Amino acid sequence: MHSPTDPDYYLDAAGSRVRKTAYLDPDLYAAELTRIFEKTWLYVGHGSEIPNAGDYKTTTIVGRPVIVSRDRTGEVHVLQNRCRHRGASVCQAPTGNARFFRCEYHGWTYKNSGELVGVTFPDGYTDIDKPSLGLLSVPRVEVYRDFIFASLNPDAMPLLDHLAGAKEFIDLFVDAGRGKPLEADHGTHQLEYPGNWKLQLENGCDGYHPNFAHRSFFRVVGSRTGEDSSGSYLGGESKAAARSLGNGHTILDQRNSVGDHYTKRSLLAPDAEEIVEELKREVPEDELDDLLGDSVHLGFNLTVFPNLQLIGIHIREIVPVSPTQTVVKYTPMTIDGVPDGINQLRLRSHELFYSAAGFGVPDDSEMFRRVANGFGTDAEWLLMSRGLEREVTDEQHPYAHVTDELPQRAEWLHWAGLMRAGEVAVSTAGTPTVTESALDAELFAERALNEKEAVR
Amino acid sequence: MSAIDFINDEAMLLDDRRYDDWAGLFTEDCRYWAPYDWYASEPRGSLNVIYDDLNRLQDRVSRLTGGDLHSQDPPSKTARILGHATRIKDAEWNPTGAFDEVWATSFRLSELRREQITEYSGRYTYWLRGSGDDWSIVAKKVQLLGAERPLSNLTFPL
């Protein structure tokens, strides 16, 4: 009898095949949350969503409702949205600005950095220990070029070490603003699909699927641009590469093969003709084509394990909801201080592919649905072996053909490493004998406090 | 045929999946707009769920009728109920194309796909050109209740 949380049961040593139950098993999913999502760094938001002192947004981190807030010194906090008194959430809005969060149930008040500063009618308490009753905070928060990451693991490695080779591509994504800052101020499309979070993880840097799953997209685009095969930069003859960037991060790099396809695609947007006429007056002619192309896509798809992808002009956050339910958040980024037309084209190209009514993402979701149907059959394995024999591994970042499944293997192998590291002593009954929440220390301290109070 | 009859016919065309006929209702300079934010004041500077000119709307229809649109295989079946249509005098946003009348109505849309029914509701606003028996759509705006929450598959026209 295998342990349902033993990663080596689910995939082979090369990561070249994976069992279907890796996408289904509830015990494995629970272990992923504790061993991966509560242990590593997670993307939680972009600095431009909370640019000023007091700004906040609410979101979740591994199921926990949190407030991502910027205090008066500019420091970013990730606070669990729950009054320490009787449990009500202290912040209701998706975004806003507040110096204090007040629980409206009994009036306890917290600073936007989490400290408990006000207990109403305090004469009812003899020795309330305010410093220990601040909003629970996520212990690690680091910001890299406005990308806010948090970790529930106090001992997580420094963020920059975690980002490894992904850092270079985050830089490229940010530098596409040509010195002007990226902004997340048009909202976030949310899409859901009835499948495991790893289906989206695998899909972001899957260069094999576009010419098939997105066949109709490339057909209608090609008929407008006049390209015979508008998806050829991802075809079998493409010179583009897939790379592993370390720590499970991966890249599809089609910059050397996409040509002027993105520039042509940018011109398909409604109002494009008028926009380009205006841009010609505002932008040097030799920069215009690049600006137009960059308004669609930078030529690479980046996956930052486990919950962040940078594709096109958007930031994508993967939110596991259950073993078989996932929400994906798509935040298109505009650039502060460029001509309006550039940002309009960025939004149009985003809507074209990534909206729920778009010409791209719904077809991916449909494939995830079909995979879910396939799981009902007796066939056990999903094959990830494409290109295994032609991987080039003697460079810092192993690479293979853009259509090869090197990214999926790299993601799965990193997954297995984290799952193995978290594998705990298992009793003969097969139940874990050690709980392993990253918040153990905090929970323990809270429990000790409660016990102290009970004794009193 | 009144404008109201025309609007009801448009809804029936969509429920009958007569997409080429549907696209034929739109003018050359049309816009088909479903904002992300119910209160969006205009589409160009906003993030939208849909913002089509005639080319993009025709591409949308080409995908629906081209036999290669996976997210409509199997296709969605829809049934929509329109509320009482109201003539609008001062719309906050107007398309650049010339129009004669603006009408708005609430809608309820049930979508059946793979034995699952999904309910949508919201408001349609139509900017119409024409008169008497001859109408065309200069703009159709679809305010979808909850466009900002997790959505799944809106590849059938709203």
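Residues under 20% relative accessible area count as buried, those over 50% as exposed, and those in between as partly exposed. The views below show a predicted model.

**View 1. Tyr9(A) and Tyr10(A) form an edge-to-face pair.** Tyr9(A) is partly exposed, because its relative accessibility is 23%. Tyr10(A) is buried, at 0% relative accessibility. The two ring centres lie 5.0 Å apart. The planes meet at 80 degrees, so the pair is edge-to-face. Planes over 60 degrees apart earn that label.

**View 2. Phe353(A) and Tyr354(A) form a tilted pair.** Here the ring centres are 4.8 Å apart. The planes stand at 55 degrees, so the pair counts as tilted. Phe353(A) is buried, with 10% relative accessibility. Tyr354(A) is buried as well, with a relative accessible area of 8%.

**View 3. Phe353(A) and Tyr354(A) belong to an aromatic cluster.** Phe217(A), Phe218(A) and Tyr233(A) are members of this cluster. Tyr262(A) and Tyr330(A) also belong to it. Across the whole structure, the search finds 29 aromatic pairs over all chains.

**View 4. Helix H5 of chain A is mostly covered.** The helix spans residues 197–204. Eight of its eight residues are buried. Trp197(A), Leu199(A) and Leu201(A) are among them. So are the charged residues Lys198(A) and Glu202(A). Gln200(A), Asn203(A) and Gly204(A) are buried too.

**View 5. Chain A as the setting for the close-ups combines 14 helices and 22 strands.** The radius of gyration is 24 Å, close to the 23 Å that the globule rule gives for 456 residues, so chain A is as compact as a globular protein of that length. Along the principal axes, the C-alpha atoms fill a box of roughly 80 × 60 × 40 Å. Of the 456 residues, 57% are buried. Among contacts with a separation of 6 or more, 64% join residues 24 or more positions apart.

**View 6. The surface and charges of chain A complete the set.** The accessible surface comes to about 19300 Å². Carbon and sulfur atoms account for 51% of that surface. Chain A carries 45 positive and 68 negative charges. The mean positions of these two groups of charges are 3 Å apart.

Note on methods: Residues are numbered from 1 along each chain as its sequence is written. Chains are lettered from A and ligands numbered from 1 in the order in which they are written. This is a predicted model: local features need pLDDT of at least 70, side-chain atom pairs count only at pLDDT 80 or more; totals for chains, interfaces and linings use all residues. Side-chain values use heavy atoms; hydrogens and water are left out. Helices (H or I, at least four residues) and strands (E, at least two) are DSSP runs, numbered from the N terminus. The radius of gyration is taken over C-alpha atoms; the globule rule is 2.2 Å times the number of residues to the power 0.38. Buried means under 20% relative accessible area, exposed over 50%, partly exposed in between (1.4 Å probe, protein chains only). Contact means heavy atoms within 4.5 Å. Accessible areas come from the Shrake-Rupley method with a 1.4 Å probe; for residues, only the protein chains shown count as cover. The place of a charge is taken as NZ of Lys, CZ of Arg, CG of Asp or CD of Glu. Rings of Phe, Tyr and Trp (its six-membered ring) pair if their centres lie within 6.5 Å; planes under 30 degrees apart count as stacked, over 60 as edge-to-face and the rest as tilted.
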